[in-house]
Amino acid sequence: MGSPITLSGFNNIDFNQILTAIMSQESQPLQAMQSRQNALQSRANTFSQLVTRASALGQAAAKLSTTTDISGFAAKSSNTAAVSADATATAQAGRYEVVVNQLAKAQVTASSTTAPDADTTVVASGGTITIGGITVSLTGAVTLRGLADAINASSNPPARASVVQSGPGAYRLVLSAKDSGVANAFTITNNLTGGAGVAFGDADGDGTSGDSAADNAVQASDASLLVNNIPVTSTTNTLTDAVPGVTLTLFKEDPSATVVVDVAPDASKLKDRITSFITQYNDLVKFSNDQVAAATRGDQSAIGRDPLLRQLREQLRAAFVSDYATGGALTTLSQAGIEFTRTGTLQLNETTFAAATASGTADLEKLFVGAGGVTGVFAGVQPLIDTYTDSDGLLPGAKKQLTDQASRLSDSIASMQERLAIRRAALQKEFIAADQAMSLLKAQSGSLANFGAQL
C-alpha cells in the first residue's frame, strides 16, 4: 500500500477515497487469485488427511491378508508352571499329554581352587587355557577377574566366565555354557603358569576337565519328554516341533506328572483384527461423507466432488460385496459376519462370525487370503489401497498437483501485487497534481474576482 495523499484543503474532493475505490476495484483479480491459492492449499491438506486414513485402512487390511496373520487356534496348558503352550496359525486341533522327564541344562564348571580376592591376587602370569577348542593366551599377569575378562574377550568362546564368591575370602572362576544341551558342553585344558594358580576338577585324571560329571557344578543335559507317549529330546527347553504349530516351553521336570495341552479353534485374535479394519473403514466413510457435505455447502477446501475419493469408495465397496470362489465354504464377507449397514458403514455380525469360525478359520483364510489361484478379499484390497497411498500413488499425486498449482500462483500474485503498487503510486501522483492544479485555479479565480470588484 502507498502512503495517503496529502491534499491542499482548498477543494471539497476526497482524492484518498477515490484512490481507495479505484484500487479496490483493480485489486479484485488479485483477491480472486489469492482465494484460489488458499483453496488449493486447503484441498492439498485435505488430501493429506485422506492419505492418512486410507493408509491406516491399508495397514488393517494387511493384517488380514496372509495366513500367518490369521491365528485360528489357541493352546491351553493344564499346568503353566510346568509347561506353557502357544499356538500358531499352523496348529491343529487336538489334545496332547506331555511328561517332562528332564529339563535341558547348560554346563557350569567352577575352579576347584579359590583366590582370596577377585581383583588383587595374581593367579597366572602366562600360558594358555583352552575352553571348548578356543585357546586363550596370556601375555602378562592377571587376577581372577582379569582372567575372566580375557576369556570373555576371546573369539567366541562357548562359555562365559565370571567370578563368584563361594565363601569368606574364597573366590572361584566359573565357566557357564552359553547354550544348553549336551551338544553345547565344553571341556577345559589348563596350561596356565605362574601366579597363585587356577585349577579345575579332573575326576578321571586324563588332563582334561569338564568331561566327567564330577568335574562340573551342572552337567549339560538335553530336555527329555514324552508327547502322547512318544519320546522327544531337545537341546533347549523351548520346542517348536514337538506339537504341530505349537511352541512348548518347559519349566519343571516331573516324570510322575502329566501336563495336558489342548489345542482348539480360537478366533479371538482374528476378531480383533477384523474389528480394527471395520473401525478404519468406517472412519474413512465418515470422512468421505463430511467432505461431500462440505462441498455441497460450497466449501472450497472440500474434496467431496473429487473423482478420486468417489472412485476409492466405489472400488472398496465392490471388493467387499463381490463373490470369491476360493474353494472354501465362504464366498462373501457377509457370510463371515462382515456386513454393510444402511448408512454404508461396516459392522460385525457376531452370531454369523461365531458360526463361521466354529470349526476353525480354514474357510476364512481362503476367503480373506485366497486359494486355488484366486486372490482373497483382503489380499486384493491391500494392494488396491497401496495404489492410492504409496508415495507415487494416486492420492499423493493429486496432492502434489494441487500444491504445484498453488506454488505457480505465488509468482502471479507477486507480479500482480507489484503492478498494483506501481499503479497506486502513479494514481497518487496524478491526484496530487490535480489537487495542486485545482488549488491554483481557485486562487486565480479569487484574484480575478477581486480585480473585477475593483473595476
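Two residues are in contact when heavy atoms of theirs lie within 4.5 Å. The exercises below apply this to a predicted model.

**Exercise 1. The protein as a whole**

Describe the secondary structure of the protein, the share of its residues that is buried, and the sequence separation that its contacts span.

Solution. Begin with the elements: the protein has nine helices and 20 strands. Next, take burial, for which the cut-off is a relative accessible area under 20%; of the 455 residues in the protein, 39% are buried. Then turn to the contacts: when those between residues at least 6 apart in sequence are considered, 68% join residues at least 24 apart. Finally, the surface that the protein exposes comes to about 23300 Å², of which carbon and sulfur atoms supply 51%.

**Exercise 2. Sides of a helix and faces of a strand**

Determine which residues of helix α3 are buried and how they are placed around its axis, and then separate the covered face of strand β2 from the uncovered one.

Solution. Helix α3 covers residues 144-153, and its buried residues are Leu144, Leu147, Ala148 and Ile151. Because these residues cover an arc of only 100° around the axis, they are on the same side of α3.

In strand β2 (residues 83-87), the covered face consists of Val83, Ala85 and Ala87, whereas Ser84 and Asp86 make up the uncovered one. The partner to consider here is strand β15 (residues 246-250), with which β2 pairs in the antiparallel sense over five bridges. Within this pairing, Val83 of the covered face stands opposite Leu250 in β15.

**Exercise 3. Salt bridges across the sequence and within a helix**

How many salt bridges does a search of the whole structure find, and which parts of the chain do the pairs Arg53 and Asp283, Asp262 and Arg95, and Asp290 and Lys286 connect?

Solution. The search finds seven salt bridges. One of them joins the side chains of Arg53 and Asp283, at an N to O distance of 3.3 Å. Arg53 belongs to helix α2 (residues 28-62) and Asp283 to helix α4 (residues 268-296), so this pair ties together parts that are 230 residues apart in sequence. Arg53 is partly exposed at 25% relative accessible area, and Asp283 is likewise partly exposed, at 31%.

The side chains of Asp262 and Arg95 also meet in a salt bridge, with 2.7 Å from N to O. This pair links distant parts of the chain, since Asp262 is in strand β16 (residues 259-265) and Arg95 in strand β3 (residues 94-102), 167 residues apart. Asp262 counts as partly exposed at 26% relative accessibility, while Arg95, with a relative accessible area of 54%, is exposed.

Asp290 and Lys286 form a salt bridge in which the closest N and O atoms are 3.0 Å apart. Because the two residues are four residues apart in helix α4, about one helical turn separates them. Asp290 is partly exposed, at 38% relative accessibility.

**Exercise 4. Three residues and their surroundings**

For Val198, Ser180 and Thr109, state where each lies, decide whether each is buried or exposed, and name the residues with which each is in contact.

Solution. Val198 lies in the loop between β11 (188-193) and β12 (223-227). Its relative accessibility of 11% is under 20%, so Val198 counts as buried. Apart from neighbours within four places in sequence, the contacts of Val198 are Ser111, Thr113, Val123, Leu144, Leu147 and Asn190; among these, Leu144 and Leu147 are buried residues of α3. The C-alpha atoms of Val198 and Ala124 are 7.4 Å apart in space, although 74 residues separate the two in sequence.

Ser180 is in the loop between β10 (170-177) and β11, and its relative accessible area of 18% makes it buried. Its side chain reaches the backbone oxygen of Thr235 at 2.6 Å. With residues up to four places away in sequence not counted, Ser180 touches Ala104, Lys105, Ala106, Thr235 and Thr236.

Thr109 is in strand β4 (residues 108-110) and is buried, at a relative accessible area of 0%. A polar contact of 2.6 Å joins the side chain of Thr109 to that of Asn216. Beyond its neighbours within four places in sequence, Thr109 is in contact with several residues, including Leu173, Val174, Leu175, Phe186, Ile188, Phe200 and Asn216.

Key
Residues numbered from 1 in each chain as written. Predicted model: local features only at pLDDT ≥ 70, side-chain atom pairs only at ≥ 80, totals over all residues. Heavy atoms only, no water. Buried < 20%, exposed > 50% of the residue type's maximum accessible area, 1.4 Å probe, protein only. Polar contact = N/O pair within 3.5 Å; in protein donor to acceptor, adjacent residues only side chain to side chain. Areas by Shrake-Rupley, 256 points an atom, 1.4 Å probe, with all protein chains shown as cover. Arc of directions from axis to C-beta. Pairing = 2+ DSSP bridges. Salt bridge = Lys/Arg side-chain N within 4 Å of Asp/Glu carboxyl O.
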